[in-house]
Amino acid sequence: MSISNTLNSIKQITNELNRLEKSLLEETKREANITKKINDMKKSITKNTSASMLKTKLRQIEGYENDLVKVLNKKADLTKKIAQKREKLNSLDQKYRKEEQEENRRRQKEQERIQKSYERR
C-alpha cells in the first residue's frame, strides 16, 4: 500500500471514529435522560399514591428500565467498535511511519546516486 493509500485509510478510520464517538455521546445523553425519568417517577411515588396509580407508575418505571438496558447495550457496542477503530488507526499509523521512512531512504539513495553521477563528470 502506498503512503497516499495509507493516509486515505487513516482519514477514513478517523472519520468513522468521530462518528462513533458522536453516537456514544448521544447515547450517554439518552442514558442520563432515561435515568432522570426513572428517578423522577420514583420520587413521585408517595405513601398517598393510590394502588392503581402505583401500578401505572411501576409499569412506566419498568418501561424506562428496559429502555435503559437497550441504551447501555448500545453504548457497550459503540465502545467496543471505538476500541477496534482505535486499534486499527494505531496499526495504520505505524504502517504509515514505516512507509514514510522507507520512502525517505529511497529518496536519500536516489540523491546519493545522482550526487555520485555528478561527481563522475
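Glu27 is a residue of helix 1 in this predicted model. The residue is buried, its relative accessible area being 5%. Beyond its sequence neighbours up to four places away, Glu27 touches Val71, Lys74, Lys75 and Leu78. Of these contacts, Val71, Lys75 and Leu78 also appear among the buried residues of helix 2.

The secondary structure of the chain consists of two helices and zero strands. Helix 2 runs over residues 51-120 and holds 70 residues. From its first C-alpha to its last, helix 2 reaches 102 Å, close to the 104 Å expected at 1.5 Å a residue. The C-alpha trace of the chain spans about 105 × 15 × 15 Å along its principal axes. The radius of gyration is 28 Å, whereas a compact globule of 121 residues would have a value near 14 Å.

Buried residues account for 20% of the 121 residues in the chain. The accessible surface of the chain comes to about 9,600 Å², with carbon and sulfur atoms supplying 49% of it. Among contacts between residues at least 6 apart in sequence, 81% join residues at least 24 apart.

In helix 2, the buried residues are Lys57, Ile61, Leu68, Val71, Lys75, Leu78, Ile82, Leu89, Leu92, Tyr96 and Glu99. Helix 1, residues 3-43, is included in what covers them. The largest nonpolar core comprises 10 residues, namely Ile10, Ile13, Leu17, Leu20, Leu24, Leu78, Ile82, Leu89, Leu92 and Tyr96. Helix 1 and helix 2 are the elements that give two or more residues to this core. Leu92, one of the core residues, touches Thr6, Ser9, Ile10 and Ile13 when residues up to four places away in sequence are not counted. A second, separate core has six residues, among them Ile34, Ile38, Met41 and Val71. Val71 is also a contact of Glu27, and Leu78, another contact of Glu27, belongs to the largest core.

The count of salt bridges comes to 12. Side chains of opposite charge can pair when their charged atoms come close. One such pair is Asp93 and Arg97, whose side chains meet in a salt bridge at 3.1 Å, N to O. Both residues lie in helix 2, four residues apart, about one turn of the helix. Asp93 counts as partly exposed, at 28% relative accessibility.

A salt bridge also joins the side chains of Glu102 and Arg105, again at 3.1 Å from N to O. Because Glu102 and Arg105 are three residues apart in helix 2, about one helical turn separates them. An α-helix has 3.6 residues a turn, so residues three or four places apart point the same way. Glu102 is partly exposed at 33% relative accessibility, and Arg105 is likewise partly exposed, at 44%.

Further along in sequence, Glu110 forms a salt bridge with Arg113, with 2.3 Å between the closest N and O atoms. Glu110 and Arg113 are three residues apart in helix 2 and therefore separated by about one helical turn. The relative accessible area is 35% for Glu110, which is partly exposed, and 49% for Arg113, which is also partly exposed. Elsewhere, salt bridges that share partners join Glu27, Arg30 and Lys74 into one network. Glu27 thus appears in this network while being buried in helix 1.

Definitions and conventions. Residues numbered from 1 in each chain as written. Predicted model: local features only at pLDDT ≥ 70, side-chain atom pairs only at ≥ 80, totals over all residues. Heavy atoms only, no water. Expected span 1.5 Å × (residues − 1). Buried < 20%, exposed > 50% of the residue type's maximum accessible area, 1.4 Å probe, protein only. Contact = heavy atoms within 4.5 Å. Salt bridge = Lys/Arg side-chain N within 4 Å of Asp/Glu carboxyl O. Core = buried A, V, L, I, M, F, W, Y, C linked by side-chain atoms within 4.5 Å. Rg over C-alpha atoms; globule rule 2.2 N^0.38 Å. Areas by Shrake-Rupley, 256 points an atom, 1.4 Å probe, with all protein chains shown as cover.
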